[in-house]
Amino acid sequence: MKTYNYSDLSKDDIIKLVQRNVDPANEIRAIVEEVLSTVQQNGDRALFDYASKFDKVILDKLYLDKAELEELASNVSTDQKAALDTAYNNIYKFHLTQLKTEDKVETMPGVTCWRELRPIEKVGLYIPGGTAVLPSTFLMLGIPARIAGCHEIVVCSPPQKSGKVNAFIAYVALLLGIDKIYMAGGAQAVAAMAYGTETISKVDKIFGPGNQFVTKAKTIVQSTTTTAIDMPAGPSEVLVIADETAQPEFIAADLLAQAEHGIDSQAVLVTTSTHIAEVTLAEVERQAAVLPRAEIVQQALYNSYVVITNTLSEAMNFSNVYAPEHLILATDNWQEITGEIINAGSVFLGNLTPESVGDYASGTNHTLPTSSYARAYSGVSVDSFVKKITFQHISPEGIKNIGPSVEILAELEGLHAHKNAVSVRMK
Ligand SMILES: NC(=O)c1ccc[n+]([C@@H]2O[C@H](COP(=O)([O-])OP(=O)(O)OC[C@H]3O[C@@H](n4cnc5c(N)ncnc54)[C@H](O)[C@@H]3O)[C@@H](O)[C@H]2O)c1
Ligand SMILES: N[C@H](CO)Cc1c[nH]c[nH+]1
Ligand SMILES: [Zn+2]
């Protein structure tokens, strides 16, 4: 991990430093575009071929049904079930509060406006399964989809060497009342859910994180089909802001937790203390040496860095430009700076709040915008699975009150048919 002094960095240096996973030569785009068009043309056949090419699995069918999921789930131990149940309950509790009805508003006497929620009918959930299989992501997507009341939930996840999904994915499917899982991964799964194939239905919106292939595929289908996406939720990243009250052992553990997701993950430490920086770097090396996913971690650390600032406010300025997926405030003084947060996906406050709790079980959603998209996107929530439809009703009194203004507004835009639609009701 390289170290930079914030005061030596120009505005341009910072802009370059915060860029990640930008695919400058369009290499990922080229691969993904070919996968998308092949699936669009060849449907299921392409999914079988890509399972063999990318996942090294020869499939004899593309999905697992309820009986097969039940058989797989029977391998989950009691302790593992209890941990998944705890995560389920906390995520459910937190997300249920997001399902709110709004009040009707009378903007003028007789003019009433309001919004009502309707679930998106057909949703597609992508559950990553390349470098690690993530049943936690299945909970993070399936729970808000169920709370929202989506009618059809299509689930895709890469096939594992067994030619199936793993037992934990199967168990979560049963918790969520989902009785079919399609074994498709990467850009080909996104293509299947965006175009539809013989077996997989086209959906209205695709959700879920993934590697650069998955994320690029989502952004392409969003602009070329009628299927929407949740957000670009690509390779995991964390930015830790630390002062002298932080504990290097904890910071190092948090940096490594996101580094182990994949070679294109990034972990950034921004600290007001050179001492904390030095001790944390030594800790990162010490802890990394005993991690099993050593090659992945080393690659991710190579993309990672430390920034030394003079003040916590400077650190926060850097973080706001970076717009991290996860922001950890590793300081006892976190209350003093939370008000300065402008851009972040999910925030972890104080020295005793590991980011991993949000990944699994505190209740917040872990499907979050990466690569600076936290400047404009929020993480997945129940809101992501609903449309908010606006309604209005005009009474006889209301048309008298609002009519004249609308007639003038239509006239000043030169739209006489618009004016007339009001005038005929005011006679
Ligand atoms: N932002 C978030 O909310 C969030 C949450 C969880 C995980 N993540 C990220 O999701 C990612 C998961 O990535 P993953 O790789 O483990 O699983 P994945 O399921 O996203 O991708 C695996 C698939 O990628 C495809 N693939 C692999 N190499 C390819 C190649 N050379 N060409 C074309 N396709 C290829 C294969 O089809 C494979 O099935 C990680 O980067 C992790 O950090 C992000
Ligand atoms: N950190 C990931 C989001 O970037 C979520 C996750 C799932 N499992 C472990 N971590
Ligand atoms: Zn994680």
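**Domains, ligand shells and a parallel sheet**

Modeller: The protein splits into domain 1 (2-19 + 235-363), domain 2 (27-99 + 120-234) and domain 3 (395-426). Keep in mind that this is a predicted model.

Colleague: What makes up the contact between domain 1 and domain 2?

Modeller: Their C-alpha centres sit 30 Å apart. Domain 1 puts nine residues into the contact, and domain 2 puts in eleven residues. On the domain 1 side, the classes come out as four nonpolar, three polar and two charged residues.

Colleague: And the overall picture: how many helices and strands are there in the protein?

Modeller: You'll find 16 helices and 15 strands. The C-alpha atoms fill a box of roughly 80 × 60 × 45 Å along the principal axes. Of the 427 residues, 42% are buried. If you take contacts with a separation of 6 or more, 77% of them come from residues 24 or more positions apart.

Colleague: On to the ligands. How do you know where ligand 1 lies with respect to domain 1 and domain 2?

Modeller: Look at who supplies the shell: domain 1 and domain 2 both give residues to the shell around ligand 1, so ligand 1 lies between them. The shell has 31 residues, and the closest are G130, G185, G186, P209 and G210. Helix 8 (186-195) and helix 9 (212-224) each bring at least two residues of that shell.

Colleague: What is the class make-up of the shell around ligand 1?

Modeller: It counts 13 nonpolar, 16 polar and two charged residues. Mind the bookkeeping here: Gly is put with the polar residues, and glycines such as G130, G185, G186 and G210 are among the closest residues to ligand 1.

Colleague: Which residues surround ligand 2?

Modeller: L134, S136, T137, S236, Q258, E325, D359 and H366. By class that's one nonpolar, five polar and two charged residues. Leu falls in the nonpolar class, while Asp and Glu are charged; in this shell those are L134, D359 and E325.

Colleague: What puts ligand 2 between two domains?

Modeller: Same kind of reasoning: domain 1 and domain 2 both contribute to the shell around ligand 2, so ligand 2 lies between them.

Colleague: Now the sheet. Why are strand 1 and strand 14 said to stand at the edges?

Modeller: Start with the order: six strands form an open sheet, 1-12-11-10-13-14, with parallel pairing. Strand 1 (2-5) and strand 14 (346-349) each have a single partner strand, so one side of each has no neighbour in the sheet. On average, neighbouring strands here are turned by 15 degrees against each other, direction ignored.

Colleague: How do you know that strand 11 and strand 12 really count as paired?

Modeller: The cut-off is at least two bridges, and strand 11 (residues 266-271) is joined to strand 12 (residues 305-308) by four bridges, running parallel. That clears the cut-off, so they pair. Within it, V268 has Y305 as its bridge partner, and L269 stands opposite V306. Strand 1 also pairs with strand 12 in the parallel sense, over four bridges, with K2 opposite Y305.

Colleague: Which helix lies across strand 10, strand 11, strand 12 and strand 13?

Modeller: Helix 13 (residues 312-322), at about 170 degrees to strand 10.

Colleague: What makes helix 7 "largely enclosed"?

Modeller: A residue needs 20 or more other C-beta atoms within 10 Å to be buried. Eight of the ten residues of helix 7 (residues 167-176) get that label, so the helix is largely enclosed by the rest of the structure. The buried ones are A167, F168, I169, A170, Y171, V172, A173 and L175. They pack against helix 4 (66-73), helix 5 (78-96), helix 6 (135-148) and strand 7 (181-182). Just after helix 7, G177 has a positive phi of about 70 degrees.

Colleague: Why is S372 called buried or exposed?

Modeller: S372 has 21 C-beta neighbours inside 10 Å, so it counts as buried. S372 is in the loop between helix 14 (355-360) and strand 15 (386-394), and has a positive phi of about 80 degrees without being a glycine.

Colleague: And D23: what does its count of C-beta neighbours make it?

Modeller: Exposed needs 12 or fewer and buried 20 or more; D23 has 13 inside 10 Å, so D23 is partly exposed. D23 is in the loop between helix 1 (11-17) and helix 2 (27-42). Its phi is positive too, about 55 degrees, although D23 is not a glycine.

Key: Residues numbered from 1 in each chain as written. Chains lettered and ligands numbered in written order. Predicted model: local features only at pLDDT ≥ 70, side-chain atom pairs only at ≥ 80, totals over all residues. Near = placed C-beta within 6 Å. Domains from an automatic or database assignment. Axes fitted to C-alpha atoms, helices over the stretch in contact; angles between N-to-C directions. Contact = placed C-beta atoms within 7 Å.
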